[in-house]
Amino acid sequence: MALRVAVIGVRAIGNTHAEVYQTDDLAELVAVCDIVPERADSAAARWDCRAYYSVEDLLRNEDLDAVSVTTGGFENGSWHYEPVMECLAARKHVLCEKPISNNIQHAREMVRAAREAGVYFGINLNHRFVPPAAKAKQWVQEGRLGHLLLTNMTMWIDNPNETSPWFHLRALHPHSLDIMRYYCGDVKRVQAFANRAPKPDGGQRVCFSNAQVNLEFANGVVGHLTGSYDAAPRHNLERCEVMGTEGRFILDNCYEELTFYPRRGEELTVIRNSIMGGLSGFGATFRTRIHRWLEQVTAGVPREQIEASGEDGLAVQEAIEAAIRSIEGGTVEEVPAAV
Ligand SMILES: NC(=O)c1ccc[n+]([C@@H]2O[C@H](COP(=O)([O-])OP(=O)(O)OC[C@H]3O[C@@H](n4cnc5c(N)ncnc54)[C@H](O)[C@@H]3O)[C@@H](O)[C@H]2O)c1
């Protein structure tokens with residue numbers, strides 16, 4: 001039977017979630033909710049479901065199994081906490097947009113509350129839900145790379161928006177760090193540098209729009225992340241490289257191309273996104289991620305098996321906060337465990 005779901009916060013990304021639920025057989029979209037009534041009404045008309053203007057009303061009137069919280073806020077994350085906590089208190093399964101929160105205390109509370117409520121809590125870390133990422137994961141698990149040694153990640157996009165010094169790190173790099181953790185596990189220590197791009201009309205950006213984060217993982221892998229909000233608009237870049245004693249892979253532009261380079265031998269393995277039946281674009285990652293969430297909730301998997309869980313969302317935020325402390329203090333910082 002389809003899960004009865006609602007979407008809370010229906011602007012750009014909330015409508016993307018609503019569209020996925022509308023077309024996925026595992027879900028029945030029964031309602032949308034936004035504190036701006038016109039947004040709730042227009043999404044309800046578009047997706048043929050009921051509109052609510054408060055989470056309290058939504059929870060009182062609908063018998064829901066799960067919700068998406070797509071509310072955003074300061075540094076794209078400050079409005080997630082309240083609706084997530086209300087829904088967890090009502091024992092609803094919650095899929096929350098990234099960043100889980102821009103406030104690390106709130107993020108920790110949310111993960112704890114989900115655990116205590118015994119419900120599923122997922123984060124929309126959608127970049128890893130693509131076939132080539134899964135294939136690369138399989139190579140790592142099968143030992144095709146041998147003993148893991150190094151990883152490099154690049155995520156450069158164009159985002160001229162400004163909210164705060166740490167907007168770029170907190171809002172974008174949950175994605176890149178999640179990909180790195182997907183292959184290399186928990187991050188143990190970080191050391192970071194950052195700069196602010198000049199503005200065309202003089203002065204500097206408010207946010208540290210470029211960053212270099214050196215990482216040491218708990219399993220001994222070392223590597224780095226370079227991130228930017230100043231990339232040329234038509235040349236966004238997302239590239240992950242992982243190297244082991246037997247070879248390395250490069251995953252290019254999220255889902256476009258995966259290449260394995262064996263340490264010994266000349267024959268590469270290349271997997272390309274197919275124009276016939278492959279991902280149609282970045283938007284399709286919402287479909288693949290949300291479908292996996294619906295599958296896992298429907299199947300009733302053990303809580304710790306939820307992919308891109310609240311704990312994963314918290315772990316990347318802990319690494320980001322450690323990187324910020326490192327930039328501020330010129331220090332090497334330990335990353336607390338996401339418990
Ligand atoms: N996973 C991805 O690839 C990806 C891409 C872009 C954005 N995002 C994330 O998606 C989220 C939403 O982004 P957006 O651009 O649609 O944000 P937005 O600010 O344009 O829209 C948020 C909506 O939520 C509503 N809202 C706020 N608090 C609410 C509450 N308590 N109850 C009900 N409604 C509430 C607002 O009125 C608004 O309509 C952000 O967290 C962002 O980081 C994720």
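Let us start inside the second half of this predicted model, where strand S7 (residues 148–156) and strand S10 (residues 222–228) run in the parallel sense and share seven bridges. Along this pair, Thr151 faces Gly223 of S10. S7 also pairs with strand S11 (residues 237–244), this time in the antiparallel sense and over eight bridges. There, Leu148 has Gly244 of S11 as its bridge partner.

These strands belong to an open sheet of nine strands with mixed pairing, ordered S14-S13-S12-S11-S7-S10-S9-S8-S15. Strand S14 (269–272) and strand S15 (333–334) are at the edges with a single partner strand each, so one side of each has no neighbour in the sheet. Further along, strand S12 (residues 247–252) and strand S13 (residues 257–262) pair in the antiparallel sense over six bridges, and Arg248 stands opposite Tyr261 in S13. Helix H7 (residues 167–184) packs on this sheet, where it touches S7, strand S8 (187–195), strand S9 (210–217), S10 and S11. The direction of H7 makes about 150° with that of S7. Helix H9 packs on the sheet too, touching S8, S9 and S15, and its direction makes about 50° with that of S8.

H9 (residues 310–329) is a good place to pause, as Glu318 is found in it. Is Glu318 buried or exposed? Glu318 is buried, because 23 other C-beta atoms lie within 10 Å. Leaving aside residues up to four places away in sequence, Glu318 touches Ile104, Val335, Pro336 and Ala338. The C-alpha atoms of Glu318 and Val187 are separated by 9.2 Å, although the two residues are 131 residues apart along the chain.

Now for the other sheet. It is open, has six strands in the order S3-S2-S1-S4-S5-S6, and shows parallel pairing. Its edges are strand S3 (50–52) and strand S6 (121–123); each has a single partner strand, so one side of each is left without a neighbour in the sheet. On average, neighbouring strands here are turned by 25° against each other, direction ignored. Strand S5 (residues 93–96) pairs with S6 in the parallel sense over three bridges, and Cys96 has Ile123 in S6 as its bridge partner.

The strand pairs described so far can be set side by side:

| Strand pair | Sense | Bridges |
|---|---|---|
| S7 and S10 | parallel | seven bridges |
| S7 and S11 | antiparallel | eight bridges |
| S12 and S13 | antiparallel | six bridges |
| S5 and S6 | parallel | three bridges |

Stepping back to the whole chain, the protein is divided into domain 1 (3–126 + 289–309) and domain 2 (128–280 + 315–334). Their C-alpha centres lie 26 Å apart. Where the domains meet, 15 residues of domain 1 are in contact with 14 residues of domain 2. On the domain 1 side, helix H5 (104–117) and helix H8 (284–299) each supply at least two residues. That side of domain 1 divides into seven nonpolar, four polar and four charged residues.

Finally, the ligand. Which of the 25 residues around the ligand come nearest? They are Gly9, Arg11, Ile13, Gly72 and Asn76. Helix H1 (12–23) and helix H4 (81–89) are the elements that give two or more residues to this shell, and the largest share, three residues, comes from H1. By character, the shell holds ten nonpolar, nine polar and six charged residues.

Methods:
Residues numbered from 1 in each chain as written. Predicted model: local features only at pLDDT ≥ 70, side-chain atom pairs only at ≥ 80, totals over all residues. Near = placed C-beta within 6 Å. Helix = DSSP H or I, 4+ residues; strand = E, 2+ residues; numbered from the N terminus. Nonpolar A, V, L, I, M, F, W, Y, C, P; charged D, E, K, R; others polar. Pairing = 2+ DSSP bridges. Axes fitted to C-alpha atoms, helices over the stretch in contact; angles between N-to-C directions. Buried ≥ 20, exposed ≤ 12 C-beta atoms within 10 Å, placed from the backbone. Contact = placed C-beta atoms within 7 Å. Domains from an automatic or database assignment.
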